[in-house]
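This report is a short guide for a reader who is meeting the structure for the first time. It takes up the nonpolar cores and then the way some of the helices pack against one another.

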Amino acid sequence: MLNPPVSLRPNMTALHNPLRSNTKAVVFDVGGVLIDLHAEGARRELIEKYGFVSQSFARLTRSSFESHPRSITELAMIGCVGTSEYLDAFLHECGVKDLEALRLNRLSVVGQERANVFAIVEELKRAGLICCVLSNTIPLHWDKLRSATEYPSFALFEHLFASHLIKCAKPEKESFLFVARTLNIHMSECLLVDDTPLNVDRAKAAGWQALLFRDAAQLRRDLNDFLCYRNI
């Protein structure tokens, strides 16, 4: 006999856990969670075809917000620099000065939608949860992600919070405060799904619930525990 499909079924053992019974909003990271990322392939192309130095790449793409001065990527993520300045910083380090090729390289980082994760988003919405995006992103990538043709499933979300538009980024507490205030809910009522341990840890420190994303199957299992009180 075939096994029944896995779903977010109530788990009676966790019904009385107060940390899991007050969730109102599930907030998803984008890169590495909702979509594929091809950062390694793009990095390798810059090094092999355009003479980029590994140390320069690491310096320009640092995005932990833990070191100063901030990298050009971090500055773009919080809206301090635009696409032209961002690309110029990379072009300066390239042995081959081809701006259009560089732009396409930086765009190639952004991959396709993950249908199995968006299926979970749809289930959460049917259960009455607010579903949102909180993404550390740059204008170049965000313009691509806003394409309804390439990324139609983003229409599922009630709110799309992009770091360069709200002028703050994960793991900064201000980003978590901004989302909760916009949604008009308490910090403890927000649940972050993110693939970066630092973001998960800082979200918890700010008062959010948070899950470290590994894959869709694991996310489904974790949500079964966090949202067990809801009859999904």
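## Cores and helix packing

In this predicted model, the largest nonpolar core holds 29 residues, and those that touch the most other members are Phe28, Leu34, Phe154, Phe157 and Leu219. At least two residues of this core come from each of β1 (25–28), α6 (115–126), β4 (130–135), α7 (139–145), β6 (190–194) and α11 (216–226). The element that gives the most to this core is α6, with five residues.

Phe154 can serve as an example of the surroundings of one such residue. When its neighbours within four places in sequence are left aside, Phe154 is in contact with Val30, Leu34, Ile35, Glu113, Phe118, Val133, Leu145 and Leu160. Another core, of 23 residues, lies apart from the largest one, and Leu46, Ile72, Leu91 and Leu107 are among its members.

Leu91 also leads to helix α4, whose buried residues are Tyr86, Leu87, Ala89, Phe90 and Leu91. The cover over these buried residues includes α1 (39–50), α2, α3 (72–77), α5 (99–107) and α7. Two of these partners, α2 and α5, are set out below with their packing against α4.

| Helix pair | Packing angle | Distance between axes |
|---|---|---|
| α2 and α4 | about 170 degrees | 10 Å |
| α4 and α5 | about 110 degrees | 10 Å |

How do α2 (residues 54–61) and α4 (residues 83–93) pack, and at what angle? Their angle is about 170 degrees, and the two helices are therefore roughly antiparallel to each other. The crossing of α2 and α4 is right-handed. On the side of α2 the contact is made by Ser56, Phe57, Arg59, Leu60 and Thr61, while α4 brings Ala89, Phe90 and Glu93 to it. Sorted by class, the residues in this contact of α2 with α4 are four nonpolar, two polar and two charged.

For α4 and α5, the packing angle is about 110 degrees, which makes α4 roughly perpendicular to α5. Here Tyr86, Leu87, Phe90 and Leu91 of α4 meet Leu99, Leu102, Arg103 and Arg106 of α5. By class, the contact of α4 with α5 has six nonpolar and two charged residues, with no polar ones.

Phe90 links these descriptions, since this residue of α4 is buried, takes part in the contact with α2 and also belongs to the residues that meet α5.

Conventions
Residues numbered from 1 in each chain as written. Predicted model: local features only at pLDDT ≥ 70, side-chain atom pairs only at ≥ 80, totals over all residues. Heavy atoms only, no water. Axes fitted to C-alpha atoms, helices over the stretch in contact; angles between N-to-C directions. Helix = DSSP H or I, 4+ residues; strand = E, 2+ residues; numbered from the N terminus. Parallel < 35°, antiparallel > 145°, perpendicular 65-115°, else oblique. Left-handed = near helix turned anticlockwise from the far one by under 90°. Contact = heavy atoms within 4.5 Å. Nonpolar A, V, L, I, M, F, W, Y, C, P; charged D, E, K, R; others polar. Core = buried A, V, L, I, M, F, W, Y, C linked by side-chain atoms within 4.5 Å. Buried < 20%, exposed > 50% of the residue type's maximum accessible area, 1.4 Å probe, protein only.
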